[in-house]
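Me: I've got this one open on my screen and don't want the grand tour. Pick a single part, give me a close look at what is around it, and then tie it to the rest.

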Amino acid sequence: MRSFVRFSLTILLLLGADFFGIIPCSNAAPQAPASAPQSAVSPDPSQSVPTDPRALYEALNALRPDGAHVYTVKDLTLRRDVVSFTFTRGKLAFLAPLGGRITGAVFSGRGHVIATPHERGERRSLAQFIGVPILDQPFSDAYIRFSDDTAAELQHQLAEDGVEAVSDPDFTAHWDPLAAGLAPTHSLRIMVDYLAAEPIPYFYILLQTDTAGPVEVSVDYRREEQVTIGQPRFADGIRSYDVWASFRTENSPAVHSEAFVPLDYRVDSTIAEDLSLQGKTTLHLRAGRTGERVVAVELSRHLTVDEIQGEDGQPLPYFQNEELSRRDAARRGNDFILAVVPAGKPVGTDFHLQVSYHGSVIADAGNGAYFVGERGAWYAHIGGEHFTPFDLTFHWPKRLMLVATGNESEAREDAETKSGRWRSETPFPTSGFNLSQYQMASTSGQPKIQVYANKELEQAIMARLQTSAPNGVPPASMLDRYKDTDQLSGAIDPPPAPSPTSALKQLGANVQDSIRFFDNVNGAFPFDHLDVAQIPGSFGQGWPGLVYLSTLAFLPSETQERAGLDEWAQSEARDLMPYHEVAHQWWGNLTGAASYRDVWIQEAMANYLALWYADSKKPGQHRLTNWLEHYRAELTNKIPGADHSIENVGPLVLGPRLGSLKVPDAYNTLIYGKGTWVIHMLREMLRDPGAANGKDPDARFRELLRAVLAEHRFRPLSTADFQHAVEQHMTPAMDLEGNHRMNWFFDQWVRGTDLPRYTVKFEVKPHGNAFVVSGRLEQSGTEDIFTAAVPLYAVRVAGKPERLGVVVTTGAETRFQFESRIRPTRVVIDPNLTLLCNKG
Ligand SMILES: [Zn+2]
């Protein structure tokens, strides 16, 4: 589930300075209140803006509230999109201006904030955190930063009210240390606007609320979702961020253009005997907007930048974890850096940036098994989903074998070191590598499969399983974990250590078999070859042409059992994980998620195709049916202590944000469980059960998948794109709204959270040689307007269910009347699992 990592940073840690640039920046000038930074205060020559970026950053950090001009305010108001602030009464001071621009203010007194997001999913998200779907909080203090015209707006109101500023150094003295501590994040963001030819409005407010603690609201037009409401959280020594709501403003531009777009990457990495990494990434970039000078680059916090060079090899100023000490940076730093180019470039200009760094990103799992824990962040890159060529060079200790994405060439070795070069044959969304003391087996046939496993890894993992806190094994929560990971932490007896390498050939053959199946569904395998490498932990991961599989996938079921895996976990490791990751070769690597909101498509598709494949191998075991029922049970079980089920927690389009909702397993259960159901429902609706002999009843579903992949080949895919493709393949029966749109389906199942419950009441009357079955289908657990096509079947004692027809629900109760050849004793709702619902 690599996609998750590619978008994890879009969950902005606002106070952690992951603030800007991770989400691609906005181009179009938004309408009011978006004006250029104002200059209501006449410029002070002593406050000229430093031209050196670092001096500018420090000057912004040094800004303090102006104690000589403190206003006693009454009923000042500000509105940013759907968020309204009232400063009811209290004191307010602006930060001292820099170059004539005011970039902040502080307030103490009584105030009130109200926000109601338009989208239901966002209101649901708010409710998960604060109990109600609306932000409605009194506050006592406010720290405000901006590059928009907030100062002018407030000054205008103060002037209208005839408020005179007075000197009140006591008021601002209280704020000075806070202003100093809070500044760095905002200094960086505001610096970007000072340096840009065209500033793009930014507004941020930190509120000390009466009952909800500190709450942040930001409205930043450099981000695709401009409005964010959230709260930093510190628990068990771990800093995280709760995004309560995130959405686009009403006036946001339809097309979002990024400041800089990657064209290709060249990465040169040297891995020392102690596994430390020294690297250099050359980013070939194109300016997406004119006049931008700050390039945001993602790089692991465990890598320290040594130098960034611009086009002519000149060193550039850069910012990495500015507000943190070196020790803190590794512990809780940010995975991005800002580099400042000497001058803004016209849109479309190509240029190079060379980032040199060193650090430690390779974890030692013991017994010669290693894992590159930083995945996509082990090289410097532009965030978001971009498909580009990659040219990777590695130098590494000779005792190890290295696998990487792309086609290998130029293999060399000397007394101590091996070297090699891997180039992508098609554009890749990301690149990865791993190295270990592998053994390798390859299969014949196309594509060529090479499977790598470590003979010793087994014992290393098992030894770790006996301790409650595994070390070095990547935290499952960060990875493509399977739900049952937790069960691995229990103490167990050491097994007789079957070697994972014994399964190499068989696993290779299985993977190749699954590729044939997926070829038939998705179209041809998109890469030249597939490497399958064992990694420590209990998760898998799919890179372009390279799949990482957990040790568990290499183990016989008996050993899995001894490792504490229950039946579902075993089935997951054995029947699903390898094929889920293989399916990601198409869904995740041939196409990718356009944003964090679209991750569900890739994950759900990979999971569903793996299930379909597993089901096809042993039809008698009904694996697909069993898993669908298993997922439904997980989705509909009430959360302990809550009055709702996991299904109600949030919609699929919240993506990784589901993981922060404080509901254990919400992310896994929804993205994998509900996501799988959504794909299944689409397949069922597109299915032609009456297809003539020899005809494929799933022909339409396959066509849909192939069309989506063809149209988004090496391009990101959004939920809207996917819906559009479904609409082009929909049957008349799917057109429940009569407008050739699938809004009803995507609004309810993807952007919504309801799961309907159905009960049926009926009566039977003879009619000629047949019977009339009439009655009503009752729907609950949803909004009134919930629409679904519910199949009903007539059942006689000891008879096979006979299909009566489909009831399209429109509200709490829908009447129906069908003719039946048999006299039913029961009417059964959807016995073939085509619809995710509760019954009875
Ligand atoms: Zn996945």
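Reply: Of the 840 residues in this protein, 60% count as buried. Keep in mind that this is a predicted model. The protein has 16 helices and 36 strands. Residues 24 or more positions apart account for 72% of its contacts with a separation of 6 or more. As for the outside, the protein exposes about 31700 Å², and carbon and sulfur atoms supply 50% of that.

The part I'd pick is helix α3, residues 120-130. Which of its residues are buried? They are Gly-121, Glu-122, Ser-125, Leu-126, Gln-128 and Phe-129. Why do they end up on the same side of α3? Around the axis they cover an arc of only 155°, which puts them on the same side of the helix. So what covers them? The cover includes three strands: β3 (104-115), β4 (135-146) and β8 (238-247). Just after the helix comes Gly-131, with a positive phi near 90°.

Two of those covering strands are worth following. β3 pairs with β4 in the antiparallel sense, over 10 bridges. If you want a spot to click on, Val-106 has Tyr-143 in β4 as its bridge partner. β3 also pairs with strand β2 (residues 83-95), again antiparallel, here over 11 bridges. For that pairing, look at Val-83, whose bridge partner in β3 is Ala-115.

Now zoom in on one residue of α3, Gln-128. Which residues does Gln-128 touch, not counting those up to four places away in sequence? The list is His-644, Asn-648, Val-649, Leu-661 and Val-663. With Val-649 there is a polar contact as well: the Gln-128 side chain reaches the backbone oxygen of Val-649 at 3.4 Å.

With the helix done, on to how other parts of the chain come together, starting with the metal. The zinc ion is coordinated at 2.1 Å by His-580 and His-584, both through NE2, and by Glu-603 through OE. Along the sequence, these donor residues are spaced H-x3-H-x18-E. His-584 and Glu-603 link distant parts of the chain, 19 residues apart. His-584 sits in the loop between α10 (567-583) and β28 (591-593), whereas Glu-603 belongs to helix α11 (residues 599-617). Are these two donors buried or exposed? His-584 has a relative accessible area of 2%, so it is buried. Glu-603 comes out at 0% relative accessibility and therefore counts as buried too.

Next, a short strand: β22, residues 433-436. Phe-433 and Leu-435 point one way from β22, Asn-434 and Ser-436 point the other way, and all of them are buried. Its antiparallel partner is strand β19 (residues 401-404), joined to β22 by 4 bridges. In that pairing, Val-403 has Asn-434 as its bridge partner in β22. Ser-436, also in β22, has a relative accessible area of 2%, which is why it is called buried. What is Ser-436 in contact with, leaving aside its neighbours within four places in sequence? Its contacts are Gly-368, Ala-369, Tyr-370, Leu-400, Met-401 and Asn-454.

Finally, there is a second glutamine to set beside the one in the helix. Gln-779 lies in strand β31 (residues 770-780). With 7% relative accessibility, Gln-779 falls under the 20% cut-off, so it counts as buried. Its side chain has polar contacts with two residues you can check. A polar atom of the Gln-779 side chain lies 3.0 Å from the backbone oxygen of Phe-786, and the side chain also makes a polar contact with the side chain of Thr-809 at 2.7 Å. Pro-756 is 23 residues from Gln-779 in sequence, yet their C-alpha atoms are 6.3 Å apart in space. Beyond the neighbours within four places in sequence, the contacts of Gln-779 are Pro-756, Arg-757, Tyr-758, Asp-784, Phe-786, Thr-809, Gly-811 and Ala-812.

To come back to your one part: α3 has its buried residues on the same side, and β3, β4 and β8 are among what covers them. From Gln-128, the side chain reaches across to the backbone oxygen of Val-649.

Note on methods: Residues numbered from 1 in each chain as written. Predicted model: local features only at pLDDT ≥ 70, side-chain atom pairs only at ≥ 80, totals over all residues. Heavy atoms only, no water. Buried < 20%, exposed > 50% of the residue type's maximum accessible area, 1.4 Å probe, protein only. Helix = DSSP H or I, 4+ residues; strand = E, 2+ residues; numbered from the N terminus. Arc of directions from axis to C-beta. Contact = heavy atoms within 4.5 Å. Donors = N, O, S within 2.8 Å, 3.2 Å for Na, K, Ca; no water. Areas by Shrake-Rupley, 256 points an atom, 1.4 Å probe, with all protein chains shown as cover. Pairing = 2+ DSSP bridges. Polar contact = N/O pair within 3.5 Å; in protein donor to acceptor, adjacent residues only side chain to side chain.
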